[in-house]
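Thanks for coming. I will take a few places in this structure one at a time, and you can follow along on the screen.

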Amino acid sequence: MTVARLKSGPTRWAVPEENQSLLVAPAPDQVSSILAANRELLWNSQEHQAYDLQGYTYGELLKICREELLQKAISYTRSYRDVALPVQSDASSLPIIVGGHQPDIFHPGVWAKNFAIDRWSRENRGVGLQILIDTDVPKSLGMNVPGGSLEDPRLKYIELDRRRDRVPYEAWEVQNTAAFQGFGNRVTQCIAPLVGDPFMNRYWPKVMERAKVVRQVGLCIAQARHQFEAEWGLQTLELPQSEVCKGSVFRWFTAHLLAHLPRFHEIHNSVLAEYRDQNRLRNNAHPVPDMNAAENWLEAPFWIWSDQDPHRRPLHCHYQGDKLLLTGEKGIEFSIQATPEGDLHTAVEQLATAEAEGIHIRSRALVTTMFARLFCGDLFVHGIGGGNYDRLTDAMTQRFFGLQSPEYMVVSGTLRLPLQKTGASSEDIRRCDTRLRDLIFNPDRILRQSANLNTSSSCENWIAEKQQWIATPLTPENGSTRHQAIHRCNTALQPFVQELSDAFHAERKQLVAKIRADKILAARDYAFCLFPENLLGEFLLDSVGRSL
């Protein structure tokens, strides 16, 4: 078995800076060939098909997973919208293109992935599937909204819900109904001076309609967004990651990793060390932390939490004879029969029993995409962050399983709010600073060049004295005296350039304010609901469509 090396490739994909621009890597005309090569790798290579997962081969589990996944995704999606699918005899003959993101109100550049997946799945007579990563913890319980005026814009953080703790999207139910219901109006009122009719006016009523049926905040947000995709003609499926984790194949995959945890633990940390070394990263928490080891306990690449305490914590494991003890904090503890050599049927049943009893095992980021790329789809579409970091997953997959990972795509875009910018730049600040410096060290030159400045005989005398000292050759003996004399002349000339100095200081202050305003107005990460609907359509349907 060869040892995988991290792909050299680009060190990092760069965010597209130009407004209404799109990053697609590799080039979109390669999608069909990449998809075909990935399907050949997953479905027909002997290495993949014959890989032993301790009771099933990879090939057997792949087919089970696709059938189970499609059934779940169709059922979930049709619970709130219609979707048309190509007719195929079985799941193995249906190409699936997959993406994933947290069920939040993301920016339009993230949304572009959904449109790319829909386009490519249609062109290849397959299915597009978005996995809602509801097993993540929200980074925020609200969002930043620009308000104020073009000249003096202000960012305001508006809460979506009011709660002290952070729980996974899967467990996030509304705690403050008034804050949740009024969120749309507060956002619209804040941005009204800048954007008169934001998409929020149509979007939030749909969220409120879904909230009558669905308890989880993230799913309300995602389902309302997906309903608009239906209006725009997209025919993708969606499914929460929590449902993927409840699938039989995911449990088998989990049990297999846990049965070989010491080996996976070593591979995980060594690949991370290489990645940090290659990218000159000194922070050991980046891009993800190492998995810890303490006495006989090893940290696993999973989270654990319970219905009684929905705060996810790292899963830790250690062997007790032929049993593997699984635990988090706060008293969650159970065991499974999972050894490196044994059959995993019993372990999978024990994981299912724990889920039924309200104990939840959920994958962490790298393992989430590892499973998605190996089992859920034939082509995975990442954003920039996931694309950069999934080279780690490629190396881990080959070193642990001895299998090559299917290739993935990266899609991201940039759409900025339709607000007029001042155009001020840091170069303007530098020019202003240069003028101010000249006023301090070369006031004589500026006074002679500026006919509008009032001078006097005293001023002319100081200028003449400075010119005499400048004309005096510098020697070791006169260096200090010469320097002090020139400084004295510059200081004496300051009152004569004070008016000009005040003007430049005022200009600099205005430039700083303009740059600050432009930074707020031109930010790339504003939520899609803040944009006018026609601009979203122009970007997502027209610009993205042309780029693909």
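Proline 26 sits in the loop between strand E1, residues 21–25, and helix H1, residues 31–44. The peptide bond leading into this proline from alanine 25 is cis, with omega near -10°. Please keep in mind that the model is predicted.

There is another cis bond to show you. Histidine 286 and proline 287 are joined by a cis peptide bond, and omega there is about 0°. Proline 287 belongs to the loop between H11 and strand E7, which covers residues 293–294.

While we are on loops, look at glutamine 54. Its phi is positive, about 65°, although this residue is not a glycine. You will find glutamine 54 in the loop between helix H2, residues 46–50, and H3.

That brings us to H3 and its packing. How do the axes of H3 and helix H13 cross? H13 runs over residues 365–376, and the two axes come within 9 Å, crossing at roughly 95°. An angle from 65 to 115 degrees counts as roughly perpendicular, so H3 is roughly perpendicular to H13. From H3, the contact uses Tyr58, Leu61, Leu62, Cys65, Arg66 and Leu69, and from H13 it uses Phe371, Leu374, Phe375 and Cys376. By class, that contact has nine nonpolar residues, no polar ones and one charged.

Next, the pair H11 and H14. H11 is residues 261–278 and H14 is residues 384–401; their axes come within 10 Å and cross at roughly 140°. H11 is therefore oblique to H14. The crossing of H11 past H14 is right-handed. On the H11 side, the residues in contact are Arg263, Phe264, Ile267, His268, Ser270, Val271, Leu272, Glu274 and Tyr275. On the H14 side, they are Asn388, Tyr389, Arg391, Leu392, Ala395, Met396, Arg399 and Phe400. The contact of H11 with H14 divides into 10 nonpolar, three polar and four charged residues.

The last helix pair is H7 with H8. Helix H7, residues 200–211, and helix H8, residues 217–231, have axes that come within 8 Å and cross at roughly 120°. These two helices are therefore oblique to each other. H7 also passes H8 in a right-handed crossing. H7 brings Arg202, Tyr203, Lys206, Val207, Arg210 and Ala211 to the contact. They meet Cys220, Ile221, Gln223, Ala224, Arg225, Gln227, Phe228 and Glu231 in H8. The classes here are seven nonpolar, two polar and five charged.

Now to the empty space. How many cavities of 30 Å³ or more does the structure hold? There are four.

The largest cavity contains about 80 Å³ of space. Its lining is made up of Cys245, Phe250, Arg251, Thr254, Phe334, Leu351, Ala354, Glu355, Ile359, Ile361 and Arg362. Three elements give two or more residues to that lining: helix H10 at 248–259, helix H12 at 345–356 and strand E12 at 359–363. Sorted by class, the lining of the largest cavity has seven nonpolar residues, one polar and three charged.

The second largest cavity holds about 60 Å³. Around it are Cys65, Glu68, Leu69, Lys72, Leu239, Glu243, Val244, Gly247, Ser248, Val249, Phe250 and Phe371. The elements contributing two or more of its lining residues are helix H3, at 58–77, helix H9, at 241–245, and H10. Which element gives the largest share of this lining? That is H3, with four residues. The lining of the second largest cavity comes to seven nonpolar, two polar and three charged residues.

Some names come up again here. Cys65, Leu69 and Phe371 line this cavity, and they also take part in the contact of H3 with H13. Phe250 appears in the lining of the largest cavity and in that of the second largest cavity.

One pocket to finish. The second largest pocket has about 260 Å³ of space. Of the 16 residues lining this pocket, those closest to its centre are Glu170, Ala171, Gln216, Lys246 and Trp305. The pocket lining divides into six nonpolar, three polar and seven charged residues.

That is the end of the tour. I am happy to go back to any of these places.

Notes:
Residues are numbered from 1 along each chain as its sequence is written. This is a predicted model: local features need pLDDT of at least 70, side-chain atom pairs count only at pLDDT 80 or more; totals for chains, interfaces and linings use all residues. Side-chain values use heavy atoms; hydrogens and water are left out. Axes are lines fitted to C-alpha atoms, for helices over the stretch in contact, and angles run from 0 to 180 degrees between N-to-C directions. Angles under 35 degrees count as roughly parallel, over 145 as roughly antiparallel, 65 to 115 as roughly perpendicular and the rest as oblique. A crossing is left-handed if the near helix is turned anticlockwise from the far one by less than a right angle, and right-handed if clockwise. Contact means heavy atoms within 4.5 Å. Ala, Val, Leu, Ile, Met, Phe, Trp, Tyr, Cys and Pro count as nonpolar, Asp, Glu, Lys and Arg as charged, and the others, Gly among them, as polar. On a 1 Å grid over the protein atoms alone, a cavity is a set of points where a 1.4 Å probe fits but cannot get out, and a pocket is an open set with protein on both sides within 12 Å along at least five of seven lines; lining residues have an atom within 4 Å of a point. Grid points are joined across faces, edges and corners, and a volume is the space filled by probe spheres set on the points.
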